[in-house]
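Me: I should be grateful for a close look at one part of this structure, namely a pair of packed helices, followed by a short account of a sheet elsewhere in the chain.

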Amino acid sequence: MRSLGRHRSIRYAPAFAVACAWAVLALVAVAPAARAQRAAGPQSVEEARIANAMGKYAEGTGFLERVAKTDSSWMDAQVELIRAFVIISKYDDAERLARAAVAAPGGRQALTAYGEVLATRGKYAAADSMFARAIAEHASDSLMASLNLALLAKRRGDMPRATAGFDRFIDIYNTASQTLTSREMMAVGIACRELGAGNPELFKDALKALDRAVVIDPANMEARVLLGELFLEKYNGAEAQKTLDEVLQINASNPRALVASASRLIFDGQPGADSLLLAALAVSPEFAPARVLAAHGMVDVERFADAIREAERALKVNPADADALAVLAGAKFVSGDEKGFEETKARVLAINPRDAGFFVELAEMTGRVRRYSVAADFARQAIAADPKNWKAHSVLGMNLMRLGKIPEGRASLDTAFKGDPFDVWVKNTLDLLDTFKNYDNSSTAHVNYMIEKTESAVISVYLHDLAEKAYSRFTQRYQFTPPPPIRIEVYRSHADFSVRTVGLAGLGALGVSFGTTLAFDSPAAKDAGPFNWASTVWHELAHTFTLGSTDHRIPRWLSEGLSVWEEHQARAGWGASVSPGFLEAFRTGKLVPVSRMNDGFMRPKYPDQIPFSYFQASLVCDLIVRDFGEKALMALLNEYKAGRTTDDAFQKVTGQDMAAFDKRFDTYMKQRFAGPLAAIAIPGPEYPAGMGVSEFKARADSLPGSYRAQVLAGMAFIKTNQNLEAIRMLERAHALFPLYGDNDSPAVMLAKLYGESGDKAKAIAMLKVVALSDESAFDANVQLGTLLAAANDSAGAMDALERAVFVNPFPADVHKSLAALAAARGDHARHVREREALVALDPVDKAAALFDLAVAYRSAGDEMKARRTVLRALEDAPNFERAQDLLLAIVDGRKP
């Protein structure tokens, strides 16, 4: 297959930038002499076309409808009007006009437009006939008719005919490029895009042709949008948005550009797609791509009935719409409607028996709702239908990776990348796989681990035990045994973890569970920030059981809520906790009701909504356990496994519909957090800049129930070194919200003030609040452990220092303190663990660390490990006398 000429990368083209600038001037700027005339609306078919291009559809179509049939431009007006009516969803009017135009003298010029209307409505046979007539009768746009015939052949699965039709446009370009109109050049671009599946270099030619189509006619909005869609198709979100922004600057009401921009937001994980879809539907209420994308969004938040309604509405316009049929089938499948799925699948395959794209859509949809094994099966069906569908290979590879099938996943991704080298997700994942040689692999009874070599030794000391404890607890609670093995991957780079999870850097999460495959950030992942890696492991392993025990049917929100709930059950201080921001969100109606909890995770409206939703979902679990018992949680999981909806599951288990449960949760929140809610509800007047400390004090004294007033007064006193007054104000604030201990809490400030004043008992009390409120409070836990050890509370000191290790396991001093405390208490298991950790940290004096570990083993009664370890110490330092003495004692059988 021949190329159009020299290739260039898919990036923003200078020629296109110039064309856009020229187009804005051409479409927006109006010569002074013509302003008065233009104010009355378009005065010619060309001006009406430009009005439509600018989104002035009422003006443009109004003029076109008034063009007299006797006017020489009447046929041009009809073609433009037909296409404008399609844009704004007036499909019946478009079809009526097209039928009349084709029957009129010179009607051959409307044949292609008529065929396009018919194709848009799924009347493929009739559309074929119109396109064939346009070619046979030598209509002026017969090249567009030829392209449309090829597109219809592809839609039916006749790929030899489609490919031959597309390939013809390469010859057309190479022999007549200087004479092609803008729409004909656009047709060349579309043909090249279609041929790109077989030759990725042709995507660059598609870009080149679409660029030139815009240069020829800057008012060709369709070509402009196609450029943006091409960038997005080839994973370049930034350039897609630049291109689409150019369109929307000219026409903010272009439905196709609005939908493409919504797709770009979804591609880049940004909010705002809903508003763009609403804008598109306001202009074109039956625009199928908008309905389809909305349906996909409904599937993502597991509102399957709503997704089905959106898809069915799209199918009223075109009963054969491939994308609408795919999302309808997918929504029926994931909602458990097997019969409806099979019926929809039969409709699809009746049109195109080898519709690989249909199965790719199913694979992507089921993967998004965490049905990874099913997604892999659908991807295999796509490949069987079309082995050159590179997206199918990509989706299969990604889902095999999620299932822990690394070699098989890599093979599929290699195939995908060879066919489509523009796929950034695949490239990033393959690059990541190349780094797996830098990881150690280990295993325990039920779990396989992959940890970077530089830190695997120290992390394994804790992770192995932690994972097995979680496995044991969850197996018992959920009465479920996951298929072996569970795989845990630990990434030192947050960017690598993000690529492993979604194929791109920038993911905000710290851990992910695909079921039996888990991945999370190492505590050394500096770009992830400080976090409690141990609670993250516990959280993600809980997903393994809640997903597995429901056949991956549990709603996202409940799975997350249960994981946070399990963190709370496992260890005091783990998991999300209440904060003023969370309660303020509840108080002001910014928390979603339980009946729409998935929206809080998948469609956040403000930056903190996702973390708030995690905590809120855990509180729902608390409420269920309080009012219905823990068995109710397990009963809900059984209902989901059986395919019940949330409405049906809650009705059966709690005896309440979701509207009633929403009210129950609202009451629960008001009761549980009554005191703090009242305290944050008294904000007091505004605090103007420059207020003095006396004014802060006066405000606080006049509003003793205002949490904010007390905190601000306390901070003002701290700034002026009036610590006693600061303590008084902050003690008031703490009494109003005693559970809060994050960085900006009264507890943190009081702990510092008490420590500085020498009141260790009160400092300890505040540090305990911090430790139990902020699971990532490393410094507070170290400080607390030190104070408790000095106060002879060795058990409390060990708990605090262990919490510190679960945030950062690398400081040796923490392990030394823990080892000493454990040895003094006769806690041999912990003593050994801490000495193992110190050896794993590869200290400068390795022999001394090995000697201490040997002593710990011997104290624990493990003479064999003690002997092996002391021999290692002597290998490092042959003259180490204490190690020599220990070895002799072991050999002689002397008691430790």
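Reply: In this predicted model, Leu325, Leu328, Ala329, Lys332 and Phe333 of helix α19 meet Gly340, Phe341, Thr344, Arg347, Val348 and Ile351 of helix α20. Sorted by character, the residues of this contact comprise 7 nonpolar, 2 polar and 2 charged. Helix α19 covers residues 322-334 and helix α20 covers residues 338-351. Their axes lie 8 Å apart, and the two helices pack at an angle of about 155°. An angle over 145 degrees counts as roughly antiparallel, and α19 and α20 are therefore roughly antiparallel to each other. The crossing of these two helices is left-handed.

The sheet may now be considered. An open sheet is formed by 5 strands, which follow the order β1-β2-β3-β5-β4 with mixed pairing. The edges are occupied by β1 (439-443) and β4 (511-513); each has a single partner strand, so one side of each is left without a neighbour in the sheet. On average, and with direction ignored, neighbouring strands of this sheet are turned by 15° against each other.

The edge strand β4 deserves further attention. Strand β4 pairs with β5 (residues 517-521) in the antiparallel sense, over 3 bridges. Within this region, Gly511 stands opposite Phe520 in β5. A helix also belongs to this picture: α28 (residues 533-549) lies across β3 (486-491), β4 and β5. Helix α28 runs at about 15° to β4.

How values were computed
Residues numbered from 1 in each chain as written. Predicted model: local features only at pLDDT ≥ 70, side-chain atom pairs only at ≥ 80, totals over all residues. Heavy atoms only, no water. Pairing = 2+ DSSP bridges. Helix = DSSP H or I, 4+ residues; strand = E, 2+ residues; numbered from the N terminus. Axes fitted to C-alpha atoms, helices over the stretch in contact; angles between N-to-C directions. Contact = heavy atoms within 4.5 Å. Parallel < 35°, antiparallel > 145°, perpendicular 65-115°, else oblique. Left-handed = near helix turned anticlockwise from the far one by under 90°. Nonpolar A, V, L, I, M, F, W, Y, C, P; charged D, E, K, R; others polar.
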